[in-house]
Amino acid sequence: MHLDVRRLTLLILVAAVATTGIAASTPQPKPTSNKERNMVVEYIRYEVPAERAQAFLDAYREAGEHLKASPHCLRYEVSRGVEEPSNFIVRIEWDSVEGHMKGFRGSAQFQKFFALVKPFFSDIKEMKHYNVESAGSRP
């Protein structure tokens, strides 16, 4: 999977903020809608052995269609570690925790999504929701 320089820079910045809090004084962008105000980010950290990595990517490629079909999923991405290619981060932006936990998980899309990614659940190292406290982008 190819990572462009912009995405790699963003991942490094996110890691720096998470470990040092360096961007705590960065002004927060103003939410433009209720969805953005309530939005949460779910991070799922996987460690997938090399012999299963392609199957993992294929499963999420197909499962992503079910995420896109959900009105509760705003966007998602699957990233692979550069230094440690067995590490993957799935980042999903949800309209709210409730939208994820009740809306999506109670839907037909979830049943199809879960069937595809279930074989990799034993590879999960962390799965948590986070509120975005600070964000920025270049104009």
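1. Two strands are taken to pair if DSSP finds at least two bridges between them. In this predicted model, β2 and β3 satisfy that criterion: seven bridges join them, and the two strands run antiparallel. Together β2 and β3 form a hairpin, with six residues between them. One of the pairings places tyrosine 76 opposite isoleucine 92 of β3 as its bridge partner.

2. Concerning the overall architecture, the protein contains five helices and four strands. Read from the N terminus on, the order of elements is α-α-β-α-β-β-α-α-β. Among contacts with a separation of 6 or more, 72% are between residues 24 or more positions apart.

3. As to burial and surface, 29% of the 139 residues are buried. The accessible surface of the protein comes to about 9200 Å², and carbon and sulfur atoms account for 55% of that surface.

4. The largest nonpolar core comprises 23 residues. Within this core, the residues with the most contacts are Tyr46, Phe56, Tyr60, Phe88, Val90 and Phe113. At least two core residues come from each of β1 (40-47), α3, β2 (73-80), β3 (87-94) and α5. The most is given by α3, which supplies seven residues. As general background, nonpolar side chains in soluble globular proteins tend to be buried together.

5. Valine 90 merits separate mention, as one of the core residues with the most contacts inside the core. Leaving aside neighbours within four places in sequence, valine 90 is in contact with Glu42, Tyr43, Ile44, Tyr46, Phe56, Tyr60, Glu77 and Val78. Three of the names in that list, Tyr46, Phe56 and Tyr60, also appear among the core residues with the most contacts.

6. Helix α5 (residues 108-117) has the buried residues Phe110, Phe113 and Val117. These three lie on the same side of α5, because they cover an arc of only 65° around the axis. The face turned away from this buried side carries Ala108 and Ala115, both of which are exposed.

7. Which elements do the buried residues of α5 pack against? Their partners are α3 (50-68) and α4 (97-104). The helix α3 is also the element that gives the most to the largest nonpolar core, and Phe113, one of the buried residues of α5, is among the residues with the most contacts inside that core.

Key
Residues are numbered from 1 along each chain as its sequence is written. This is a predicted model: local features need pLDDT of at least 70, side-chain atom pairs count only at pLDDT 80 or more; totals for chains, interfaces and linings use all residues. Side-chain values use heavy atoms; hydrogens and water are left out. Buried means under 20% relative accessible area, exposed over 50%, partly exposed in between (1.4 Å probe, protein chains only). The arc is that of the directions from the helix axis to the C-beta atoms. Contact means heavy atoms within 4.5 Å. A nonpolar core is a set of buried Ala, Val, Leu, Ile, Met, Phe, Trp, Tyr and Cys residues joined through side-chain atoms within 4.5 Å. Accessible areas come from the Shrake-Rupley method with a 1.4 Å probe; for residues, only the protein chains shown count as cover.
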